[in-house]
Amino acid sequence: MRQQRRERTHTAIHEAALTLVQEKGLKATTTDEIAELAGVSPRTLFNYFASKEDAVLGLRAPIITEDILQKDAARQDLYIFERVAHLMLDIIISSIDNPTFPRVRPLVQEYPELRYRIKTHHIECEKTLADLLRTIDWVKFSASGRCGPWPYLPESEVDAGTSEPRLRAALCITSALLRYLDYTRGVLEDGERDQMIREAVQTFRHLLRED
């Protein structure tokens, strides 16, 4: 019940911010007005959103949820970059309010402040993914043919940094894939998303071939 109440409050604040900015514009809309329309105190608003821009975009702090890990477990046999791209996109999608995205997107195109916030949020999602990838034993994973369950490092070795170059490379390629897909056009259904990521990975692999 507590989580349901939090979700309702989160949605109410986001809807209020979105409605006001559509009516008045971003600069003319204040956090006090958003809180009043949502029926909450300004203090409550800032418990849910760090800024007015976050409220308009409906952003949540990116986290690795149990649902994301379960989805990844079903993709254990995918090519590594396809699998990591799915992970990154799942993190992004879970941190935004999907149903309102068609209303949000024109505002992102109109206001540079929102575009900048989207970019910084993407970096936060990358860091969240990086935290997970740092726990993986990439040597064992390579030995297994780079498929199957992630082999995790002992806790004492997680910060050793031995796999940092591979991690950075994986994040760079994943971000390039998502820019190529232009996921900001909208959140695709699972089947269509799977196909687009698969085709994008195949295109990148073809470009990297030396023959």
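Two residues are said to be in contact when heavy atoms of one lie within 4.5 Å of heavy atoms of the other. On that footing, and setting aside residues up to four places away in sequence, Leu133 touches Val84, Trp138, Leu167 and Leu171. The model in which these contacts are found is a predicted one, and the values below are computed from it.

**Overall architecture**

The protein chain contains 11 helices and zero strands, so that, by the rule that numbers elements from the N terminus, they are labelled from α1 onward. The C-alpha trace spans about 60 × 40 × 30 Å along its principal axes. Of the 211 residues in the protein chain, 42% are buried. When contacts between residues at least 6 apart in sequence are considered, 72% of them join residues at least 24 apart.

**Nonpolar cores**

The largest nonpolar core has 29 residues, and those with the most contacts inside it are Ile80, Leu129, Leu133, Trp138 and Trp150. The elements that contribute two or more residues to this core are α6 (80–94), α8 (112–133), α9 (138–143), α10 (164–181) and α11 (190–208). Among these elements, α6 provides the largest share of the core, with 10 residues. A second core, separate from this one, comprises 24 residues and includes Ala16, Leu18, Leu59 and Val104.

**The second largest pocket**

The second largest pocket holds about 340 Å³ of space. Its lining is made up of 19 residues, of which Arg6, His10, Leu59, Arg60 and Ala61 lie nearest the centre of the pocket. Leu59 thus appears in two descriptions, being named both in the second core and in this lining. The elements that give two or more residues to the lining are α1 (2–24) and α8, and the largest share, four residues, comes from α1. By residue class, the lining of this pocket divides into seven nonpolar, six polar and six charged residues.

**Salt bridges**

A search of the whole structure finds 11 salt bridges, and three of them are set out here with the distance between the closest nitrogen and oxygen atoms.

| Basic residue | Acidic residue | N to O distance |
|---|---|---|
| Lys24 | Glu33 | 2.6 Å |
| Lys71 | Asp67 | 3.6 Å |
| Arg134 | Asp131 | 3.5 Å |

In the pair formed by Lys24 and Glu33, Lys24 has a relative accessible area of 37% and is partly exposed, while Glu33, with a relative accessible area of 26%, is also partly exposed. Lys71 and Asp67 both lie in helix α5 (residues 66–73), where they are four residues apart, about one turn of the helix. Within that pair, Lys71 counts as partly exposed at 32% relative accessibility, and Asp67 counts as partly exposed at 42%.

What is the exposure class of Asp131, the partner of Arg134, given its relative accessible area of 48%? Because only values over 50% count as exposed and only those under 20% as buried, Asp131 at 48% is partly exposed. Arg134, for its part, has a relative accessible area of 29% and is likewise partly exposed. Elsewhere, salt bridges that share partners join Asp54, Arg117 and Glu124 into one network.

Technical notes: Residues numbered from 1 in each chain as written. Predicted model: local features only at pLDDT ≥ 70, side-chain atom pairs only at ≥ 80, totals over all residues. Heavy atoms only, no water. Core = buried A, V, L, I, M, F, W, Y, C linked by side-chain atoms within 4.5 Å. Buried < 20%, exposed > 50% of the residue type's maximum accessible area, 1.4 Å probe, protein only. 1 Å grid on protein atoms, 1.4 Å probe; cavity = no way out; pocket = protein on both sides within 12 Å on 5 of 7 lines; lining within 4 Å. Points joined across faces, edges and corners; volume = space filled by probe spheres on them. Nonpolar A, V, L, I, M, F, W, Y, C, P; charged D, E, K, R; others polar. Salt bridge = Lys/Arg side-chain N within 4 Å of Asp/Glu carboxyl O.
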